[in-house]
Amino acid sequence: MPEDDFDIQGFARDINELLILSALRSEPKHGYQIVLDIENESNGLFRFRHGTLYPILHRLEKEGLIRGTWSKDVGRKKKVYSLTGKGRRHLSGETGRVEDVVSRLVRVLRGPDQAPA
Amino acid sequence: MNSGPVRVFLPVIRRLEGALTVPIPSRVRILRELEDDLEALRARLEAEGVAPPEAVRRALEALAPDAASLSRLADLHTTRYHRSTRRLGSDRLKLLERSALAVATASVLVVETTILVRGDLLRHASPFLWLVVACGSVLFALVGAKVFELWIKGDHRRPERGIGTILWLAGLTLVAGFGGVMVDLIRMAGILERSPELATTLVPVWLVRDCTLLSVSILLAGAGCLGWMVLTQWLSLVSEDRLEFLDLGGHFTSPSRRHHHERALA
């Protein structure tokens with residue numbers, strides 16, 4: 001990864017996208033289920049507040065990484081999101097990138113003295 | 001949705017509807033999704049033992065978009081036209097749009113005239129034909145402007161504005177055509193009364209002239225009415241859906257209309 005390209009704010013935004021993609025990895029979900037699952041699986045560390053979920057969901061849908069479909073449930077229309085093949089590939093590739101960034105960050109934070117042998 | 005249980009989040013949804021500046025169909029889809037999620041999250045929290053007021057508060061805190069989220073949603077759901085012209089100032093854009101409308105009107109006028117010239121229908125044209133052609137050009141430009149506003153620009157702040165004018169103008173085109181034919185007939189009758197020997201040369205010419213006038217006015221008015229009908233039907237579907245969703249008095253007048261509406265939305 002070229003160091004010049006790294007954008008810390010973009011990285012934080014990407015994390016939110018990846019959290020949503022990972023929440024959809026196992027099965028299609030409604031928006032509120034995505035919020036709850038991310039919160040539960042991260043023990044409350046990652047929380048979506050003030051509707052920040054929807055702009056991300058709708059952008060991912062526009063980019064073809066997730067697919068939103070309306071289903072009828074007890075007379076009400078509900079929107080369910082599922083991961084597309086493109087989204088799955090994106091998640092897999094970006095997970096590797098996040099691992100790389102985090103491992104570099106940890107290396108910097110620990111300093112050369114505490115680096116593992 | 002109206003006949004179901006009490007919609008706890010309806011006031012919030014109505015408030016958000018006023019703040020979400022995207023085309024009506026997108027607005028309704030976004031808010032419908034939001035309300036369903038809010039209701040589902042509230043129900044789940046209550047099932048977990050959270051007190052109802054607290055469940056509502058927590059659902060709203062998690063899912064109800066704040067101004068920043070609404071702005072991002074509006075950016076995402078805005079039209080391609082709006083995105084591509086965002087850099088222009090509103091005054092400059094308005095000037096450009098008005099200029100484009102004037103050019104479109106002139107172009108329609110040129111096309112109509114060219115068709116009439118090619119059909120050799122202007123040699124003995126009635127003076128009323130020009131009035132009809134002018135009305136038709138404005139009519140086409142108005143339909144085009146409305147189509148542009150609703151479907152390309154996605155400006156749904158006052159969607160009904162100008163729709164009635166299209167119908168009035170179509171009516172005026174038709175009245176100009178029929179009125180012209182009546183005036184022409186009266187004038188021809190006057191000439192023939194004074195000089196009956198002109199009948200063999202005058203009548204065929206005036207027949208062609210009035211048939212042209214009548215056909216052109218019927219054709220233009222018909223096309224204008226068709227445009228009006230398509231716009232009105234679309235607006236009616238979209239507005240009914242919005243009013244029904246927001247529980248603002250929207251209703252379907254017949255089951256067939258509801259069926260048609262559901263098919264259109266699907």
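## Chain A and its contact with chain B

In chain A, 52% of the contacts with a separation of 6 or more come from residues 24 or more positions apart. Keep in mind that this is a predicted model.

What order do the elements of chain A follow from the N terminus on? They run α-α-α-β-β-α, which adds up to four helices and two strands. Chain A is more spread out than a compact globule, because its radius of gyration is 17 Å, well over the 13 Å that the globule rule gives for 117 residues. Along the principal axes, its C-alpha atoms fill a box of roughly 65 × 30 × 25 Å.

How much of chain A counts as buried? The figure is 42% of its 117 residues. As for the outside, chain A exposes about 7,100 Å², with 51% of that supplied by carbon and sulfur atoms. On the charge side, there are 20 positive and 17 negative side chains in chain A, and the centres of these two sets sit 9 Å apart.

Now for the partner chain. Contact between the two involves 24 residues of chain B and 24 residues of chain A. Together the chains bury about 2,300 Å², and carbon and sulfur atoms account for 56% of this. Which three residues of chain B supply more of the area it buries against chain A than any other three? They are B:E33, B:R44 and B:L76, with 26% of that area.

Here are the two surface areas side by side:

| Surface | Area | Share on carbon and sulfur atoms |
|---|---|---|
| Exposed by chain A | about 7,100 Å² | 51% |
| Buried between chain B and chain A | about 2,300 Å² | 56% |

Terms used:
Residues are numbered from 1 along each chain as its sequence is written. Chains are lettered from A and ligands numbered from 1 in the order in which they are written. This is a predicted model: local features need pLDDT of at least 70, side-chain atom pairs count only at pLDDT 80 or more; totals for chains, interfaces and linings use all residues. Side-chain values use heavy atoms; hydrogens and water are left out. The radius of gyration is taken over C-alpha atoms; the globule rule is 2.2 Å times the number of residues to the power 0.38. Buried means under 20% relative accessible area, exposed over 50%, partly exposed in between (1.4 Å probe, protein chains only). Contact means heavy atoms within 4.5 Å. Accessible areas come from the Shrake-Rupley method with a 1.4 Å probe; for residues, only the protein chains shown count as cover. Lys and Arg count as positive and Asp and Glu as negative; His and the chain ends are not counted. The place of a charge is taken as NZ of Lys, CZ of Arg, CG of Asp or CD of Glu. Buried area is the accessible area (1.4 Å probe) that two parts lose on being put together, summed over both.
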